[in-house]
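Reader: I am new to this structure. Could you walk me through it, please?
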Amino acid sequence: MKIDKNYAEFIQSIKQQIVQSRYAAARLANREQLLLYFKTGLMISEKIKAQKWGAKVLEQISTDLLKELPGLKGFSAGNLKKIRLFAEAYAPHLVIGSTASNQIRLAGIRDGFSISSTLSNLIENKAFYEAFTGISFSHHFTIITKIKAWDARIFYVQSAAVNFWSLTVLEHHLENNLFGK
C-alpha cells in the first residue's frame with residue numbers, strides 16, 4: 001500500500017494531538033498531586049500542633065490510611081513527613097482556593113493555589129502558579145530542603161519549570177549555586 005502525503009500528514013496530526021493530550025493530563029495529575037500534598041501536609045501539621053502529637057503519629061497515620069485504602073502509594077510515614085515539610089515551607093506564601101483579586105489574575109484555574117501578598121511583589125502570580133505546578137513534588141522537596149532564601153526558591157522553581165529540568169539537572173544547578181551566579 002502506497003501512503004500518500006495527505007495520509008502521512010493526517011497521521012502526524014493525530015500523533016500530535018495524542019502527545020499534547022498526554023502532556024496536558026500529566027500536568028493536571030501533577031497539579032492535583034501537589035494540591036493534595038499541600039492540603040494533607042497542612043492538615044497533619046495543624047493537627048500535630050493542636051493535639052501535641054509525637055513523632056510516631058506519622059507511622060500510625062500511614063498505617064491507618066493503608067487500612068482504609070488498600071494499595072495506597074505515596075503515604076508512608078517518611079512521605080508523610082516530606083508532605084508536612086512541603087506544606088509548612090510553602091504555607092506562608094500559598095493559600096488554597098482563590099481570593100477575589102487572584103480569581104481575576106488566575107482566571108480559569110479551579111480550586112488551586114493562590115499566591116499570598118508576601119510573594120506578589122516578587123513575582124507575577126499566574127507565572128509563578130504555572131511554574132509551581134509545572135514541577136514535581138520531588139523537585140519541590142529538593143528545593144525546600146537545600147534552599148532557604150525565598151528569592152532563590154522562586155528562581156529555582158521557575159527555572160526548573162521553564163527549562164524542563166530533570167531532578168538531576170536541578171540538583172546540579174543547586175550544587176553549583178546557579179542563583180548566586
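Author: What follows is a short exchange on the overall make-up of the chain, then on one residue and one helix. Please bear in mind that this is a predicted model.

Reader: How many helices and strands are there in the protein chain?
Author: The protein chain has 9 helices and 2 strands. Read from the N terminus, their order is α-α-α-β-α-β-α-α-α-α-α.

Reader: And what share of the residues counts as buried?
Author: Of the 181 residues in the protein chain, 35% count as buried. The accessible surface amounts to about 11,200 Å², and carbon and sulfur atoms supply 58% of that surface.

Reader: Let us turn to S62. Where is it found?
Author: S62 belongs to helix α2, which covers residues 57-68.

Reader: Is S62 buried or exposed?
Author: S62 counts as buried, because its relative accessibility is 14% and the cut-off for buried is under 20%.

Reader: Which residues does S62 touch, leaving aside those up to four places away in sequence?
Author: Those residues are F75, S76, A77 and L80. With F75 there is also a polar contact: a polar atom of the S62 side chain lies 2.8 Å from the backbone oxygen of F75.

Reader: A change of topic: what is the reach of helix α8 from its first C-alpha to its last?
Author: Helix α8, residues 150-162, reaches 18 Å over its 13 residues, close to the 18 Å expected.

Reader: Which residues in α8 are buried?
Author: The buried residues of α8 are A152, R153, I154, Y156, V157, S159, A160 and A161.

Reader: And what follows α8?
Author: F164 follows α8, and its phi is positive, near 55 degrees.

Methods: Residues are numbered from 1 along each chain as its sequence is written. This is a predicted model: local features need pLDDT of at least 70, side-chain atom pairs count only at pLDDT 80 or more; totals for chains, interfaces and linings use all residues. Side-chain values use heavy atoms; hydrogens and water are left out. Helices (H or I, at least four residues) and strands (E, at least two) are DSSP runs, numbered from the N terminus. Buried means under 20% relative accessible area, exposed over 50%, partly exposed in between (1.4 Å probe, protein chains only). A polar contact is a pair of N or O atoms within 3.5 Å; within protein, one must be able to donate a hydrogen and the other to accept it, and residues adjacent in sequence count only if both atoms are side-chain atoms. Contact means heavy atoms within 4.5 Å. Accessible areas come from the Shrake-Rupley method with a 1.4 Å probe; for residues, only the protein chains shown count as cover. The expected span of a helix is 1.5 Å times one less than its number of residues.
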